[in-house]
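Here is a short set of exercises to work through with the model open beside you. Try each task on your own before reading its solution.

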Amino acid sequence: GSLIEQLTTEKYECMVCCEVVRIVAPVWSCQNCYHVFHLNCIKKWARSPASQAEDGNSGWRCPACQNASVQVPKTYTCFCGKVHNPEWNRNEIPHSCGELCGKKRQCLDCPHLCNILCHPGPCPSCPAFVTKTCECGQTSHSVRCGQSTKIHCSNVCGNTLNCGKHSCTEVCHSGKCSPCQLTVQQVCYCGSNFKEVLCGSKEEFSDGFGSFSCQNICGKKLNCGRHNCKQVCHPQPCQLCPRLPQVVYRCPCGQTPLSKLLELGCVERKICTDPIPSCGKTCGKPLSCGSYEFIHTCESLCHEGDCRPCSHTSNIFCRCGFKKKVSVNLGGIFFLIAAITFMCDKRCNKKRSCGRHKCNEVCCVDTEHKCSLVCGRKLNCGLHRCEEPCHRGSCQTCWQTSFDELTCYCGESVIYPPVPCGTQPPECKKTCTRPHDCDHPVYHSCHSEEKCPPCTYLTQKWCMGKHEVICQSLTLPYVELYSTHTEQLGTDKFVDSRFRLLNVGDCSPCVTCCPSRRALASKSWVLILGKLSPTQLYCNNLQILIAAISIATKLTDLQLGDSVEISRLITKKEMKQARLQCDEECLAIQRNRRLAEALEIDDNSDPFKIRSSGPKYSDLLKEDARKDIKFVSDIEKEMRMLVEAVNKGKHTKKSHCYPPMNRDHRRIIHELAQVYGIESVSYDNEPKRNVVITAVKGKSVCPSNTLTSVLDKEMQSRPAPPLLHYKQTDKTSGNSGLSKPLKEEPVIDYFDVQD
């Protein structure tokens, strides 16, 4: 009824497309759950991989009940399946033919067909009444056809049980009667033992002589009446007496027939108790003490009964065959016991199946030499040991599993159970939340190790000569640097290329104290993403250039936050070659320093305003600016407007985002930002890497002289380019002619490195 109402009012939705099933749309109905679907939707679903059964051979599954079907529906039929492409009639159920259903009902024992009009859903129960008998068949009742309940009366069943002797005593019940539970007594074949078994069971069978064998000696009197049966309890009649005259035809040793002995005058036997005549020859029966190579035989004369013990000696080998011993008068079972118990004291030196241990068994006869020890090696998890017998090759993976969630330290990343033993915590991209020794910002991700990597935050520190405050990472305790500019890139705080390496423990004035010689420093270093690498080398010494590059390749550990002592990486010869000699300007500065100390003048004071006369632009920045003066002018204009806006406005910070640009342009922006006191950070990867600058109120200021104005003044004051200089002829060397222009030293630029 619910299906008819929803289909008629067009409120029924197809489970595949989630659209309403129209009254004129071709449909298909599942014969198991009776859900209705669009015909086209069910065709697409049946062909999709998601609909296939798990075994892959049972066809496709219904989207609603998961019942597997082999045939894919192709035509639009009514619910009863008799009419193809039924037409819609306003007075009939949608998608029905309007005729009697006529389908067989679900009840197996109902012979009547469905007698209502073609309909969706299951057919209703049969309304007819039939007469059915109870389970025992003694009474009958009138019930509705197809009723699944069984009819039971109150009478005793009375049917014959499986034994065929007794009747069922239960009340009217369904199914077969239970086996007979009465017990009967059985006797063995020889009649000496009894046992009780269930009536009607297979053990109750009897052949007239008994029902089972007690496995004892029969002991019944034979047909002779004088001897007893020596066979194990058996079902058939006992055999004839083995000593009857009609049974015995030869002498006891079996070598001579009795007929020949009778011809020689022996007395004829009449009954079984009469002695069997002896032939007088050697018995010759094989004894059990012999070996495979030499068989011992009985040396007595032909006789009745068992043979005497052997009088010969035998060589008995140990079970491994390494030693032997002589055995005297061992006969029968005694010889076998001696052969089995005789063991040598030799220990086996062969390797066991594991390949790790020796056998070491005494008098070993094993061929496989299986190792009985426990493996005990640590499994791949590192927590448990292998409990299998000692074996070759790698151990199996740890079978233990945890049913608890495995999370990272902060709990953001989770591995849900079951979690195999030894699984590492999941990687987490969140910032580390562990407690740290310092209060600097944390830049490393969440990790499972207990110890965090060293702090890489840049802090301010005096140079070794106490001349200037520089920025240095806490992870570089062995390196003293000198800096004039700092810069930011990437994630991405790093120091610009104006770092000078000082001699640790020796504040050499040739680098730190001479402003004119700072540009001639033997090494320049840049700290990029935790690395130190050479950027520009102005020294003409090629050996120092090679040494600087080799040192840079050894400092990759700093990327992980570790500290490296550079003094261990530079040889004494390289350190000696890297130092510059002091000139007259160095001596003048030293005299001025001693004079300032005598007059108690602060070295940081600037009474003549020499240091603050104007911004200092590096030679590299000037050289880059000359290549694209318009770009530099636009950048300075934007920075000046940003600084003025933040200083005049209410906000403490104001940012500006530049479009993506190449590395050279980004370097110009970073250096100019340092002059203006603006923070600059690079984002994204190439080729969309861009720079964002942020002006801070009270910190960012506009310089008195812009870079473009400084370049204009230099261009005006620069003299005309000189002509080519002729090299003076050296008469002693014999060389003459034009002097070749000096080639510039190659510049190694590691600025804004991505990898």
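**Exercise 1. Two prolines**

Task: Find where P418 lies, then describe the peptide bond from P417 to P418.

Solution: Start with the place. P418 lies in the loop between β13 (414–415) and β14 (419–420). Next, look at the bond: the peptide bond from P417 to P418 is cis, and its omega is near 0 degrees. Keep in mind that this is a predicted model. Now move on to P687, which is found in the loop between β23 (679–683) and β24 (690–696). Here E686 and P687 are joined by a cis peptide bond, with omega about 5 degrees. As background, most peptide bonds are trans.

**Exercise 2. Positive phi values**

Task: Decide whether C18 is buried or exposed, and do the same for H95.

Solution: Take C18 to begin with. It sits in the loop between α1 (2–8) and β1, and its phi is positive, about 60 degrees, although C18 is not a glycine. Its relative accessibility is 53%, so C18 counts as exposed. Then turn to H95, in the loop between β4 (68–69) and β5 (129–133). H95 is not a glycine either, and its phi is positive, near 70 degrees. With a relative accessible area of 3%, H95 is buried. For context, most residues other than glycine have a negative phi.

**Exercise 3. An aromatic pair**

Task: Classify the ring pair of W28 and W60 and say which parts of the chain it links.

Solution: A pair of aromatic rings is described by the distance of the centres and the angle of the planes. For W28 and W60, the centres are 5.6 Å apart and the planes make an angle of 55 degrees. Planes under 30 degrees apart would count as stacked and those over 60 as edge-to-face, so the remaining class is tilted. The pair W28 and W60 is therefore tilted. Next, place the residues: W28 is in strand β1 (residues 27–29) and W60 in strand β3 (residues 60–61), 32 residues apart, so the pair links distant parts of the chain. Both W28 and W60 are buried. Finally, widen the view: ring pairs join W28, F37 and W60 in a cluster.

**Exercise 4. The two sides of a helix**

Task: Which residues of helix α2 (residues 39–47) are buried, and what covers them?

Solution: The buried residues of α2 are L39, C41, I42 and A46. They lie on the same side of α2, because they cover an arc of only 160 degrees around the axis. On the other side, N40, K44 and R47 are exposed. The cover over the buried residues of α2 includes β1, β2 (36–38) and β3.

**Exercise 5. Salt bridges**

Task: Compare how K323 with D345 and E714 with R626 tie parts of the chain together.

Solution: The structure holds eleven salt bridges. In one of them, the closest N and O atoms of K323 and D345 are 3.1 Å apart. K323 lies in the loop between β9 (313–317) and β10 (324–328), and D345 in the loop between α4 (333–341) and β11 (401–402), so this pair ties together parts 22 residues apart in sequence. K323 is partly exposed at 36% relative accessible area, while D345 is exposed at 57%.

Now take E714 and R626, whose closest N and O atoms are 2.9 Å apart. E714 belongs to helix α12 (residues 707–717) and R626 to helix α9 (residues 619–627), so the pair ties together parts 88 residues apart in sequence. E714 is partly exposed, at 23%, and R626 is partly exposed, at 37%. To finish, add K622: a network of salt bridges links K622, R626 and E714.

**Exercise 6. An enclosed helix**

Task: How many of the 14 residues of α11 are buried, and what span should the helix have?

Solution: Begin with the span. At 1.5 Å a residue, helix α11 (residues 663–676) should span 20 Å, and its end C-alpha atoms are 20 Å apart, which agrees. Next, count the buried residues: ten of the 14 are buried, so α11 is largely enclosed by the rest of the structure. Among them are I668, I669, L672 and V675, as well as R666, R667 and E671.

Note on methods. Residues numbered from 1 in each chain as written. Predicted model: local features only at pLDDT ≥ 70, side-chain atom pairs only at ≥ 80, totals over all residues. Heavy atoms only, no water. Phe/Tyr/Trp six-rings, centres within 6.5 Å; stacked < 30°, edge-to-face > 60°. Helix = DSSP H or I, 4+ residues; strand = E, 2+ residues; numbered from the N terminus. Buried < 20%, exposed > 50% of the residue type's maximum accessible area, 1.4 Å probe, protein only. Arc of directions from axis to C-beta. Contact = heavy atoms within 4.5 Å. Salt bridge = Lys/Arg side-chain N within 4 Å of Asp/Glu carboxyl O. Expected span 1.5 Å × (residues − 1).
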